[in-house]
Every structure is written in C-alpha cells, then in structure tokens.
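Colleague: I haven't looked at this one before. Could you show it to me and take a few questions?

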Amino acid sequence: MRKIIYKMATNRTFTMLKPDSVEKGNIGAILEKITASGFRIVAMKLTQMTIADAQAFYAVHRERPFYGELVEYMTRGPIVAAILEKDNAVEDFRTLIGTTNPAEAAEGTIRKLYADSISENAVHGSDSDDNAAIEGAFHFSGREQF
Ligand code: CMP
C-alpha cells in the first residue's frame, strides 16, 4: 500500500539567491552555508523573474520609494529560487541571513559575508509561514517540491 507522508508547512521557508549573488559567483558558497546550517533543499532552480513576476512578488512594497529599483534589480539576471526544510525554518533562516541592511548584520551571517547594501542584499528569506507557502508556490509546482 502506498504510504502518504504529510509534511508540516511550518517546517519550510522560501529563499532566493538574488542576481548579485549569482553575478558574483557566490551560489556555491551560499548554498554550502545553508546546508551546513541544517536546511534540506526540497526544491531549487536557476530562473529569471520577468518585470511582471517581480512586481507581483513584491506587491506588498509597491508604495515604497525603492519599489522601482527593487523590481529592476531582481529582474536584471538569474536568481536561484529554493524551498528549504528544517525545524523552525522561517525564523532560523532569517537568523542565518542576518538583517535586511548588511551593515547592521551579525558577523557570520550570509548578508554580512556576501551582501553589498540594503538594496542589493544577496538573499531573500520569507518572513512568515504563510508567506513561505505563498512564495514557494509562486516559483514551484507541486511536483517540483520533494
Ligand atoms: P528583502 O527583505 O528580501 O525584500 C524586500 C527587498 O527590498 C529587500 O530585501 C531589499 O532588497 C529591498 N529593500 C529593502 N529596504 C530597502 C531600502 N531602504 N532601499 C532599497 N531597497 C530596499
């Protein structure tokens, strides 16, 4: 009989290695840090967002002064999109990447190590379990998630 395994959505988060990380050749180093920190990759691809994709993905920021710059940045080249699994994934991943502004990020965090500025900050991490599920579904179909 086929065994059905239900996975708790609360154990997953969504990340993007942003265009600056890909341009600088940091994909391998960042993925190594993520997996060494106990996250399992359950979906992953190299992809490029269209302007419409980025406008929709960042719709929550559309009134912010940096919205246009953000859309331009996130669409200028490929990203690595991934879904990660670990107990307490959302919170633990945000600790691993550090604060939005790398100048304020803790030593050893991904943004401290690999980000240049508050706008070009190397990686994305979902801010809640609900957004992790929405953002993961934005980039991956059900059969691309393992
Ligand atoms: P992230 O937190 O992943 O998602 C929103 C993004 O907007 C953020 O990363 C930065 O890339 C960008 N961002 C946030 N604050 C600023 C800002 N003050 N100026 C420019 N870009 C910003």
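What follows is a short chat about one helix, the cores and the ligand.

Modeller: Before we start, this is a predicted model, where local features need pLDDT of at least 70, side-chain atom pairs count only at pLDDT 80 or more, and totals for chains, interfaces and linings use all residues. Residues are numbered from 1 along each chain as its sequence is written, and side-chain values use heavy atoms, with hydrogens and water left out.

Colleague: Which residues of helix H5 are buried?

Modeller: Helices here are DSSP runs of H or I with at least four residues, strands are runs of E with at least two, and both are numbered from the N terminus. Buried means under 20% relative accessible area, exposed over 50%, and partly exposed in between (1.4 Å probe, protein chains only). On one side of H5, Glu91 and Thr95 are exposed. Across residues 89-97, the buried ones are Ala89, Val90, Phe93, Leu96 and Ile97.

Colleague: Why do those buried residues sit on the same side of H5?

Modeller: An α-helix has 3.6 residues a turn, so residues three or four places apart point the same way. The arc is taken from the directions from the helix axis to the C-beta atoms. The buried residues of H5 are on the same side because they cover an arc of only 125°.

Colleague: Which element gives the most to the largest nonpolar core?

Modeller: A nonpolar core is a set of buried Ala, Val, Leu, Ile, Met, Phe, Trp, Tyr and Cys residues joined through side-chain atoms within 4.5 Å. The largest has 18 residues, and Phe93 is among those with the most contacts inside it. H2, E3, H5 and H6 each give two or more residues. With four residues, the top contributor is H5.

Colleague: Is Phe14 buried or exposed?

Modeller: Phe14 belongs to strand E1. Beyond its neighbours within four places in sequence, Phe14 is in contact (heavy atoms within 4.5 Å) with residues including Phe57, Ile83 and Phe140. With a relative accessible area of 0%, Phe14 is buried.

Colleague: How much of the ligand's accessible area does the protein cover?

Modeller: A polar side-chain atom of Lys18 lies 2.9 Å from an oxygen atom of the ligand, and one of Asn121 lies 3.1 Å from a ligand oxygen. Accessible areas come from the Shrake-Rupley method with a 1.4 Å probe; for residues, only the protein chains shown count as cover. Of the 460 Å² that the ligand has on its own, the protein covers 80%.

Terms used:
Polar contact = N/O pair within 3.5 Å; in protein donor to acceptor, adjacent residues only side chain to side chain.
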